[in-house]
Amino acid sequence: MTDTVYPVQVVGAALVDSLQNPTRILLGQRSAPPALAGLWEFPGGKVEPQESCQEALKRELVEELGVEIILGREISGPHPQGWPLNEKASMRVWLAEIIDGQPATLQDHLALEWFPLDSELLKVAWIPANLPITRAILSL
Ligand SMILES: Nc1nc2c([nH]c(=O)n2[C@H]2C[C@H](O)[C@@H](COP(=O)(O)OP(=O)(O)OP(=O)(O)O)O2)c(=O)[nH]1
């Protein structure tokens with residue numbers, strides 16, 4: 001699988017209340033496309049040409065939630081491009097913390113909600129591809 005190159009690189013933030021002592025995580029409920037609307041995700045999006053993954057993640061969080069973040073450690077996936085989402089896309093995910101701004105549904109989300117970092121998180125109506133990532137976060 002590591003030979004596979006995914007043409008679409010997605011990045012996501014596991015946005016916790018505190019990088020030092022995480023107890024809650026902020027998830028976004030997608031508004032589109034219809035197949036994903038209502039499901040929960042890590043805020044983020046696609047990396048643009050000429051942009052690093054980390055730059056893209058910071059940009060997406062400003063655009064979508066109106067917050068500045070600092071990144072913590074990466075939640076490494078099984079592939080160099082992170083966690084495969086489908087045949088075309090793979091997502092790298094970083095722990096992150098808000099350093100400025102109040103999260104708001106500026107773009108792409110119906111709602112934002114803080115969830116406790118416990119096993120109940122596995123019962124959230126996730127985009128299905130996100131479940132293994134959630135397990136990895138809970139086992140940190
Ligand atoms: N942001 C995000 N996307 C995810 C997650 N899980 C998952 O399968 N995806 C998929 C959904 C989309 O097909 C793709 C990300 O696309 P996106 O629509 O969020 O990207 P974007 O904000 O850059 O928007 P655009 O280019 O489509 O306008 O990755 C996740 O946790 N967060």
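Reader: Is Q50 buried or exposed?

Author: This is a predicted model, in which local features need pLDDT of at least 70, side-chain atom pairs count only at pLDDT 80 or more, and totals for chains, interfaces and linings use all residues. Residues are numbered from 1 along each chain as its sequence is written. Q50 sits in the loop between β4 and α1; helices (H or I, at least four residues) and strands (E, at least two) are DSSP runs, numbered from the N terminus. A residue is buried if 20 or more other C-beta atoms, placed from the backbone, lie within 10 Å of its own, exposed if 12 or fewer, and partly exposed in between, and because Q50 has 6 such neighbours, Q50 counts as exposed.

Reader: What is the phi of Q50?

Author: Q50 is a residue other than glycine, yet its phi is positive. The value is near 75°.

Reader: And D108, which also has a positive phi: how many other C-beta atoms lie within 10 Å of it?

Author: D108 belongs to the loop between β7 and β8, and its phi is near 75°. D108 is classed as partly exposed because the number of other C-beta atoms within 10 Å is 18.

Reader: Which residues come nearest to the ligand?

Author: Near here means that a residue's C-beta atom, placed from the backbone, lies within 6 Å of the molecule. There are 15 residues around the ligand, and the shell divides into eight nonpolar, four polar and three charged. Nonpolar covers Ala, Val, Leu, Ile, Met, Phe, Trp, Tyr, Cys and Pro, charged covers Asp, Glu, Lys and Arg, and the others, Gly among them, are polar. Those that come nearest are E41, F42, G44, G45 and K46.

Reader: Which element gives the most to that shell?

Author: β1 (8-16), β4 (44-46) and β7 (89-100) each give two or more residues to the shell around the ligand. The top contribution is three residues, and it comes from β4.

Reader: Which residues does N130 touch, leaving out those up to four places away in sequence?

Author: N130 lies in the loop between β8 (109-116) and α2 (131-138), and it counts as buried because it has 21 C-beta neighbours inside 10 Å. Its C-alpha is 9.4 Å from that of P84, 46 residues apart along the chain. Touching, or contact, means C-beta atoms, placed from the backbone, within 7 Å; by that test N130 touches E41 and F42.

Reader: Which element supplies the largest share of the largest nonpolar core?

Author: A nonpolar core is a set of buried Ala, Val, Leu, Ile, Met, Phe, Trp, Tyr and Cys residues joined through C-beta atoms within 7 Å. The largest one has 26 residues, and W94 is among those with the most contacts inside it. At least two residues each come from β1, β2 (24-30), α1 (53-65), β5 (68-75) and β7. The largest share is six residues, from β1.

Reader: Which residues is W94 in contact with, beyond its neighbours within four places in sequence?

Author: Two of them, A13 and A14, are also listed with W94 among the core residues with the most contacts. The full set is A13, A14, L57, L71, G72, E74 and I75.

Reader: Where is the cis peptide bond, the one with omega of about -10°?

Author: One of its partners, P33, is in the loop between β2 and β3 (40-41). The bond joins A32 and P33.

Notes: Contact = placed C-beta atoms within 7 Å.
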